[in-house]
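I am opening a notebook on a structure that is new to me, and I mean to write down each thing as I look it up.

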Amino acid sequence: MTSRTDTVRLINGRIYRSAWDENPVDTIVVSDGRVIGYDAQSGSPAVERTIDLKGASVIPGLTDAHIHLFAIAHARLQVPVTPRDAADIPTVLALLGKRARNVQPGKWVYAAGLDENGLSERRLPTRAEIDDAVPDHPVLIRRFCGHVAVVNSAALAALGLPDGVGDPVGGSYGRDASGRLDGSALEIAAEHIFRAVPPLERAELVAALRSVIADSAAMGLIAGVEAAVGFTTGFDDEAAVWNELRRGTALPMRLGFMNQLDPAEAAQRGLRPSQDADWQSMTLKYFADGIVGARTSAVSQDFFDTPSRGMFMRDPDELQRVIAQAHADGWQVAVHCTGDRGIECIIEAYEKAQAAHPRVDARHRVEHYFVPPAGGLARMKALGALVVTQPSFLTRMRRSIAGAFGPRADSCYPARSVIDAGVTYIASSDAPTGSWSPWDGIADAVLRAADGGAAIGPGEAVSVREAIHSYTVGGAIAMKQENWRGTLMPGMAADLIVLDRDPFTAECLSLRQTRVLLTMVRGEVVHDDLQHAAAALETAR
Ligand SMILES: [Zn+2]
């Protein structure tokens with residue numbers, strides 16, 4: 001292992017200094033966490049370590065500008081019920097029953113990753129079905145999107161939710177034909193349940209989070225933005241876990257945080273926008289509307305398969321006022337918007353905030369930008385706002401997209417038109433909702449899910465270079481760090497990854513299988529598979 005102040009020389013590689021580099025160099029020298037040159041003499045004679053890349057390719061390390069590291073760690077401590085774990089409802093119920101047999105009666109059983117689109121029944125399990133399988137424990141299943149909860153009767157009793165309970169603003173409870181609760185809860189109703197249940201052990205969460213971050217670095221991520229603190233179990237609970245993690249040993253990734261707080265709540269906690277290279281907290285996050293999968297996106301035309309135009313998660317006027325205050329307080333604002341009505345409301349909020357309180361480079365973000373509103377991109381460009389999108393949704397949500405939009409599906413999830421409009425296009429994962437692997441994101445940005453059926457919006461495809469640019473410079477732009485990282489030009493941060501293939505010449509489809517042989521952050525090797533791959537010869541001096 002090297003330390004962050006060492007001088008390290010990587011030789012015999014194909015080293016791309018940026019996504020646009022047509023003439024890769026074979027040597028790069030880093031020192032004190034920065035790139036200092038490209039020849040064997042750079043930094044001599046103080047080179048502490050030489051790494052022989054044996055022809056492997058190097059690119060700048062990747063940033064995931066929208067990922068839920070906490071949710072991934074949280075799910076690791078629960079019963080996994082993704083479509084990979086269970087193909088039908090009886091299997092989901094069997095997994096829950098198996099866990100319950102090892103948990104004291106009355107204690108909660110938590111499960112995560114449910115996606116009814118991947119079950120043969122194509123529906124959620126019901127309260128009655130879960131009651132049959134697990135009668136003596138409260139059960140909470142979290143849908144993979146984090147916007148839907150499914151519970152059993154013991155859970156409803158523990159939560160004090162009777163059949164006659166009314167729906168909260170911005171959410172609803174599922175009911176059967178007789179009006180009895182069926183166990184499902186959407187949006188704010190689900191959020192209330194997630195907040196009300198007993199939390200997992202903090203020490204276990206800290207350990208799980210540390211391993212999730214290490215796994216991310218091994219996939220090539222050198223930075224990530226947690227989107228958002230508070231989304232899974234509530235702000236104070238999650239912030240306590242993150243703060244404990246920060247007190248431990250250094251992490252192999254640079255982190256940014258979106259805080260799911262109103263500006264007044266942030267002020268009460270003494271939070272201000274802060275820029276730290278490894279631990280940045282400059283963003284407040286809100287939800288304008290719901291999701292396509294649950295047909296809760298706020299759209300201007302009925303969904304193709306559902307006579308509904310979705311919903312706002314909170315009153316649009318109130319949300320605009322909150323955004324104006326966050327803007328005036330100096331925060332970057334990020335808003336989850338999927339439907340065109342939701343997106344339009346947020347663009348307008350940014351315009352009003354900027355008019356009332358002009359700020360240079362506020363760089364607000366629109367997360368998802370699923371159904372583009374007419375004329376939206378020109379307004380985004382005028383604002384200098386960012387489109388933060390998740391290409392792997394095209395593969396993961398193929399069925400939802402076709403059902404929700406039918407022939408209009410090709411206009412979903414724009415990318416090409418975002419870049420052509422001069423708006424910064426930033427690809428990310430939104431894992432665990434999207435695929436955690438940035439290599440799936442890069443492949444889907446280019447292929448538009450063509451390997452799983454017909455391409456969705458083939459006219460919105462971008463090139464491999466554009467996709468990698470968005471995961472390197474684009475991710476740095478999202479975090480306002482593009483002045484010092486995102487490329488491997490002299491003086492830039494020594495954040496790089498060594499790959500088992502050349503992403504610019506490999507078959508695009510094969511990029512999904514990319515293996516990251518080595519990850520370097522701040523000039524320090526944080527993941528090293530080169531020796532296992534028997535691909536390098538190292539000479540320590
Ligand atoms: Zn998200």
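**Entry 1: the largest cavity**

I started inside, and I note at once that the model is predicted. When I sorted the lining of the largest cavity by class, I found four nonpolar, three polar and three charged residues. The residues along this lining are G146, H147, E187, E191, F194, R195, F231, Q260, F287 and M313. I then asked which element gives the most to the lining of the largest cavity, and I found that α5 does, with three residues. The space in the largest cavity comes to about 80 Å³, and I counted five cavities of 30 Å³ or more.

**Entry 2: the second largest pocket**

Next I turned to the pockets, and I began with the second largest, which holds about 500 Å³ of space. I found 18 residues lining the second largest pocket, and I wrote down I188, E191, Q260, D262 and R314 as those that lie nearest its centre. Two of these names were already in my notes, since E191 and Q260 also line the largest cavity. The helix α5, residues 188-196, and the strand β16 each supply at least two residues of this pocket's lining, and α5 gives the most, with four residues. By class, I recorded seven nonpolar, four polar and seven charged residues in the lining of the second largest pocket.

**Entry 3: the largest pocket**

How many residues line the largest pocket, and which of them lie nearest its centre? I found 48 lining residues, with F144, R396, P432, T433 and G434 nearest the centre, and I noted a volume of about 990 Å³ for this pocket. Several elements each supply at least two residues of the lining, namely α1 (69-76), β9 (109-114), β10 (139-143), β16 (279-287), α12 (393-396) and α13 (398-405). Of the contributors, α1 gives the most to the lining of the largest pocket, with five residues. The classes in the lining of the largest pocket are 18 nonpolar, 20 polar and ten charged residues.

**Entry 4: the zinc ion**

I then looked up what holds the zinc ion, and I found three protein donors, H66 through NE2, H68 through NE2 and D430 through OD, lying 2.1 Å from the ion. Along the chain these donors follow the spacing H-x1-H-x361-D. H66 lies in strand β7 (residues 62-67), while D430 lies in the loop between β20 (424-427) and α15 (438-447), so this pair ties together parts that are 364 residues apart in sequence. I also asked whether H66 and D430 are buried or exposed, and my note says that both H66 and D430 are buried.

**Entry 5: the sheet of eight strands**

Since β7 and β20 had come up at the zinc ion, I followed them into their sheet. It is an open sheet of eight strands with parallel pairing, in the order β7-β14-β15-β16-β17-β18-β19-β20. Which strands stand at the edges of this sheet? They are β7 and β20, and each of them pairs on one side only. From one strand to the next, the twist averages 25°. To see one pairing within this sheet in detail, I picked β17 (residues 332-337) and β18 (residues 365-368), which run parallel and are joined by four bridges. Here C337 has H368 in β18 as its bridge partner.

**Entry 6: the sheet of five strands**

Finally I traced an open sheet of five strands, in the order β2-β6-β21-β22-β23, where the pairing is mixed. Its edge strands are β2 and β23 (524-528), each of which pairs on one side only. I looked up two pairings here to see what "mixed" stands for. Strand β2 (residues 14-15) runs parallel to strand β6 (residues 57-60), with two bridges joining them, and R14 stands opposite S57 in β6. Strand β6 also pairs with strand β21 (residues 496-499), this time in the antiparallel sense and over four bridges, and V58 has V498 in β21 as its bridge partner.

Definitions and conventions: Residues are numbered from 1 along each chain as its sequence is written. This is a predicted model: local features need pLDDT of at least 70, side-chain atom pairs count only at pLDDT 80 or more; totals for chains, interfaces and linings use all residues. Side-chain values use heavy atoms; hydrogens and water are left out. On a 1 Å grid over the protein atoms alone, a cavity is a set of points where a 1.4 Å probe fits but cannot get out, and a pocket is an open set with protein on both sides within 12 Å along at least five of seven lines; lining residues have an atom within 4 Å of a point. Grid points are joined across faces, edges and corners, and a volume is the space filled by probe spheres set on the points. Ala, Val, Leu, Ile, Met, Phe, Trp, Tyr, Cys and Pro count as nonpolar, Asp, Glu, Lys and Arg as charged, and the others, Gly among them, as polar. Donors are N, O and S atoms within 2.8 Å of the metal (3.2 Å for Na, K and Ca); water is not among the atoms, so sites may look incomplete. Buried means under 20% relative accessible area, exposed over 50%, partly exposed in between (1.4 Å probe, protein chains only). Two strands pair if DSSP finds at least two bridges between them. Axes are lines fitted to C-alpha atoms, for helices over the stretch in contact, and angles run from 0 to 180 degrees between N-to-C directions.
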